[in-house]
Amino acid sequence: MPLEGRNQHQSKGTNMKIGVIGIGNIGGTLARKLSAAGHEVRVANSKGPEGVRSFAQEIGATPVDARGAVEGADLVILSIPFPAVAKLPKDLFDGLPERAPIVDTGNYYPDLRDPHIPELDDGKTESIWVSEQIGRPIIKAFNNILAHSLAELGRPEASPVRIAVAVAGDDAEAKRIVMGIVNEVGFDPVDTGSLAESWRQQPGTPGYCCDYDAETMRNALAEAVPGKAPAIRNQLYDCIGQLSPNPSHADIIHMNRSVHSGN
């Protein structure tokens, strides 16, 4: 499992056409940051262009529908709940060049947000399932960082303390592009390995949403145990219920880290 850190993958100086499907906490934050960085960003959700127009105007992006987000894109970010992934048009990505990475930021949260998906409950890696649903290879990234961290805690490259984001995928060039984006928005990219290895960054794993630096993230990814994450994810559900009604970011990070201390 190759686990690379900072300064390995750069995309600076190259403005891209980026489509963002889903403008929730993660997708919306990425759209905002990438638009501010000078990329040509198009945003979409299930409500069509009018449903995203106000947000698009706020961040300097273009409001479109899902097909508009994909058409002519150099990179597409898919940031929608898993049930919505299965409902995307099966031909949505047919016209997207093979060289254009599709980044999936999503996570499976059964019993909390999502209905049960039998294949995932039986242990299929989440990103593999997403790839099968859309009929295209994907890069898994931005799924193991909290929305607050993504929005507020990015730091310039070579800062002494920088949060890491795990990136998994099978296409080396697509992964290089995505790792450059991770770096550009303020985080150290850490290579999880192939898409099949992306289970190491799913909810309930030691590297999930803990605000670790690159070295600690590499160690956490390596410490993940196959099949163990779902039980810890469910344990986290219980822990969330024990937090105060308005937990601080530090409280959530402490919870995510401490749940692994006895496992």
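Biologist: What makes strand 2 (residues 40-44) largely enclosed by the rest of the structure?

Modeller: Of the 5 residues of strand 2, 4 are buried, so the strand is largely enclosed by its surroundings. Buried means under 20% relative accessible area, exposed means over 50%, and partly exposed lies in between, with a 1.4 Å probe and protein chains only. Strands (E, at least two residues) and helices (H or I, at least four) are DSSP runs, numbered from the N terminus.

Biologist: Which conditions apply to these values?

Modeller: This is a predicted model, in which local features need pLDDT of at least 70 and side-chain atom pairs count only at pLDDT 80 or more, while totals for chains, interfaces and linings use all residues. Residues are numbered from 1 along each chain as its sequence is written, and side-chain values use heavy atoms, leaving out hydrogens and water.

Biologist: How do you know that strand 1 (residues 17-21) and strand 2 pair?

Modeller: Pairing requires that DSSP find at least two bridges between two strands. Strands 1 and 2 share 5 bridges in the parallel sense, and therefore count as paired. At one of these positions, K17 has E40 in strand 2 as its bridge partner.

Biologist: Why is the path from strand 1 to strand 2 called a β-α-β crossover, and which hand does it have?

Modeller: The chain passes from strand 1 through helix 1 (residues 25-36) to strand 2, and the crossover is right-handed. That word applies if, with the strands pointing away from the viewer, the path from the first strand over the helix to the second runs clockwise. Strand 2, helix 2 (residues 49-59) and strand 3 make a right-handed β-α-β unit as well. Strand 3 (residues 62-63) is joined to strand 2 by 2 bridges in the parallel sense, and V43 stands opposite P63.

Biologist: What makes strand 3 and strand 8 (188-193) edge strands?

Modeller: The open sheet holds 8 strands in the order 3-2-1-4-5-6-7-8, with mixed pairing. Strands 3 and 8 each pair on one side only. For strand 8, the partner is strand 7 (residues 164-168), to which 5 bridges join it in parallel.

Biologist: Why is the pair of F82 and Y108 called stacked?

Modeller: Rings of Phe, Tyr and Trp (its six-membered ring) pair if their centres lie within 6.5 Å; planes under 30 degrees apart count as stacked, over 60 as edge-to-face and the rest as tilted. F82 and Y108 lie 6.1 Å centre to centre with 25° between the planes, and are therefore a stacked pair. F82 lies in helix 4 (residues 82-86) and Y108 in the loop between strand 5 (102-104) and helix 5 (118-121), so the pair ties together parts 26 residues apart in sequence.

Biologist: How do you know whether F82 is buried or exposed?

Modeller: Its relative accessible area is 0%, and F82 is therefore buried. F82 also stacks with W129, at 5.5 Å centre to centre and 5° between the planes. This second pair links helix 4 to helix 6 (residues 126-134), 47 residues apart. F82, Y108 and W129 form one aromatic cluster.

Biologist: With which residues is D114 in contact?

Modeller: Contact means heavy atoms within 4.5 Å. Leaving aside neighbours within four places in sequence, D114 contacts P81, F82, P83, N107, Y108 and Y109. D114 has a relative accessible area of 5%, and is therefore buried.
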